[in-house]
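User: I would like to learn how to read a metal site, a ligand shell and a sheet in a model like this one. Could you take me through them one at a time?

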Amino acid sequence: MIISPNSIAQLEELINQAHKICLVTHSNPDADTVGSALAFQNILNQIGKEVIVVNPNNIPDFLHWMPQLDQILIHDIEGKKVQSAVLQADLIFAMDFNAPHRAGNIEQSMLNSKAKKVLIDHHLFPDESYFDLMFSFPQKSSTSELLFDILRLSNYKSHINKVVATHIFVGLMTDTGSFAYSCNDAETFESAAELIRYGVQVKETHDLIYNNYSVERLRMLGYCIGEKLKVFPESHAAYISLTSEELMQYGDSEGLTEGVVNYALSIKGICFAALLTEKKDKIKMSFRSKGDYSVNAFAREHFEGGGHLNAAGGKSYLSLSETEIKLEKLIHSLSIVCD
Ligand code: 5GP
Ligand code: MN
């Protein structure tokens with residue numbers, strides 16, 4: 001992957017000129033968006049910049065241990081503060097998302113802002129018209145790994161420390177499902193090795209993310225697999241749906257259903273999986289695939305979404321049962337082959 005020296009110079013110039021910097025994460029923040037934003041905040045603080053990380057909504061419970069997390073401003077909790085942070089910034093970064101609408105309730109402030117805008121992201125099809133400078137690399141495992149590349153090519157390299165490396169490692173590890181997907185090249189593993197040299201504790205970090213669930217989460221997973229999994233073997237597809245009542249039964253905490261869709265995809269012969277969760281105003285949908293089938297294209301075409309080739313999300317404003325009917329019709333008409 002080639003990041004041009006010219007774009008690094010432009011980035012440094014924008015940062016030099018900026019007094020107030022805002023790092024924005026995407027809605028339903030995951031570990032990659034949060035990890036990359038916190039790592040970058042740490043670096044920018046070290047060079048004396050005033051930096052605020054803003055999140056549209058709550059951070060999943062399994063990330064609550066992350067250093068610096070208490071400094072993040074969450075729009076759902078402190079909307080006015082987030083809006084003024086975005087509007088007062090003279091430099092804004094979109095971390096791990098490709099268009100202002102992906103920042104949910106922060107979108108309007110982003111659109112109203114007069115700041116320079118920089119994208120650091122690995123999703124397909126960035127909104128080129130919005131950004132002044134883009135680091136858009138869809139082939140990268142994670143935005144966190146991309147940020148690590150950028151930092152190492154820049155004058156900020158000497159500021160990388162154990163905390164920064166841990167934030168980056170968390171984003172990289174989770175976006176690849178613990179080095180299983182989106183990392184089929186040596187570069188990602190070389191980055192991981194380098195992060196370990198900065199002091200990342202692999203087992204400890206892994207345990208904090210993957211062996212730190214609530215009992216409710218495990219019982220919810222059992223319920224999903226035992227009672228809610230629908231499998232369509234001829235169509236190579238499977239999905240799970242959860243009503244808001246079912247989510248409430250298990251506490252409906254932030255990030256409760258993170259990773260559940262992968263269990264549907266883990267079945268032999270299944271190459272398309274979906275998870276539908278009933279939210280206040282919409283049905284949230286997660287899609288995963290194996291092989292060449294693009295859930296990014298599927299989500300864009302049918303459910304107002306997008307993402308990556310093998311991992312994407314979308315939404316539906318139909319009822320949950322109507323959304324299931326629409327999804328099942330599509331499943332029957334798709335010609336998914338497991339290659
Ligand atoms: P998840 O299923 O984990 O929520 O999302 C999977 C991937 O799809 C992530 O990379 C996420 O950023 C992206 N994604 C999720 N929901 C949406 C959506 O509504 N629109 C777009 N464009 N991308 C989404
Ligand atoms: Mn990501």
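User: Is Asp96 buried or exposed, and how do I read that from its relative accessible area?

Analyst: A residue counts as buried when its relative accessible area is under 20%. In this predicted model, Asp96 has a relative accessible area of 1% and is therefore buried. Asp175, with a relative accessible area of 16%, is buried as well.

User: Which residues are the protein donors of the manganese ion (ligand 2)?

Analyst: To read a metal site, one looks for the N, O and S atoms within a set distance of the metal. Here the manganese ion (ligand 2) has as its protein donors Asp32 (OD), Asp96 (OD), His122 (NE2) and Asp175 (OD), which lie 2.1 to 2.4 Å from it. Along the sequence, these donor residues follow the spacing D-x63-D-x25-H-x52-D. Asp96 sits in the loop between β4 (91-95) and α4 (107-112), whereas Asp175 belongs to helix α6 (residues 162-175), so the pair ties together parts that are 79 residues apart in sequence.

User: Which residues come nearest to ligand 1, and what polar contacts does ligand 1 have?

Analyst: It helps to begin with the surrounding residues and then turn to individual atoms. There are 14 residues around ligand 1, of which Arg102, His123, Ser286, Arg288 and Gly306 come nearest. The side chain of Ser286 places an N or O atom 2.6 Å from an oxygen atom of ligand 1, while Gly306 has a backbone N or O atom 3.0 Å from a nitrogen atom of the ligand. In Lys315, a polar side-chain atom lies 3.2 Å from an oxygen atom of ligand 1. Taken alone, ligand 1 exposes 500 Å², and the protein buries 82% of that area.

User: Which elements give two or more residues to the shell, and what classes of residue does the shell have?

Analyst: The elements that give two or more residues to this shell are β10 (283-289), β11 (306-307) and β12 (311-316), and β12 gives the most, with five residues. Sorted by class, the shell has two nonpolar, eight polar and four charged residues.

User: In what order do the six strands of the open sheet run, and which of them stand at the edges?

Analyst: Strands of a sheet pair through backbone hydrogen bonds, and the pairing may be parallel or antiparallel. The six strands of this open sheet come in the order β7-β8-β9-β10-β12-β11, with mixed pairing. At the edges stand β7 (229-232) and β11, each with a single partner strand, so one side of each is left without a neighbour in the sheet. Within the sheet, β8 (residues 237-242) and β9 (residues 272-278) run parallel and are joined by six bridges; for Ile240, the bridge partner in β9 is Leu275.

Note on methods:
Residues are numbered from 1 along each chain as its sequence is written. Chains are lettered from A and ligands numbered from 1 in the order in which they are written. This is a predicted model: local features need pLDDT of at least 70, side-chain atom pairs count only at pLDDT 80 or more; totals for chains, interfaces and linings use all residues. Side-chain values use heavy atoms; hydrogens and water are left out. A residue is near a molecule or strand if one of its heavy atoms lies within 4 Å of it. A polar contact is a pair of N or O atoms within 3.5 Å; within protein, one must be able to donate a hydrogen and the other to accept it, and residues adjacent in sequence count only if both atoms are side-chain atoms. Accessible areas come from the Shrake-Rupley method with a 1.4 Å probe; for residues, only the protein chains shown count as cover. Helices (H or I, at least four residues) and strands (E, at least two) are DSSP runs, numbered from the N terminus. Ala, Val, Leu, Ile, Met, Phe, Trp, Tyr, Cys and Pro count as nonpolar, Asp, Glu, Lys and Arg as charged, and the others, Gly among them, as polar. Donors are N, O and S atoms within 2.8 Å of the metal (3.2 Å for Na, K and Ca); water is not among the atoms, so sites may look incomplete. Buried means under 20% relative accessible area, exposed over 50%, partly exposed in between (1.4 Å probe, protein chains only). Two strands pair if DSSP finds at least two bridges between them.
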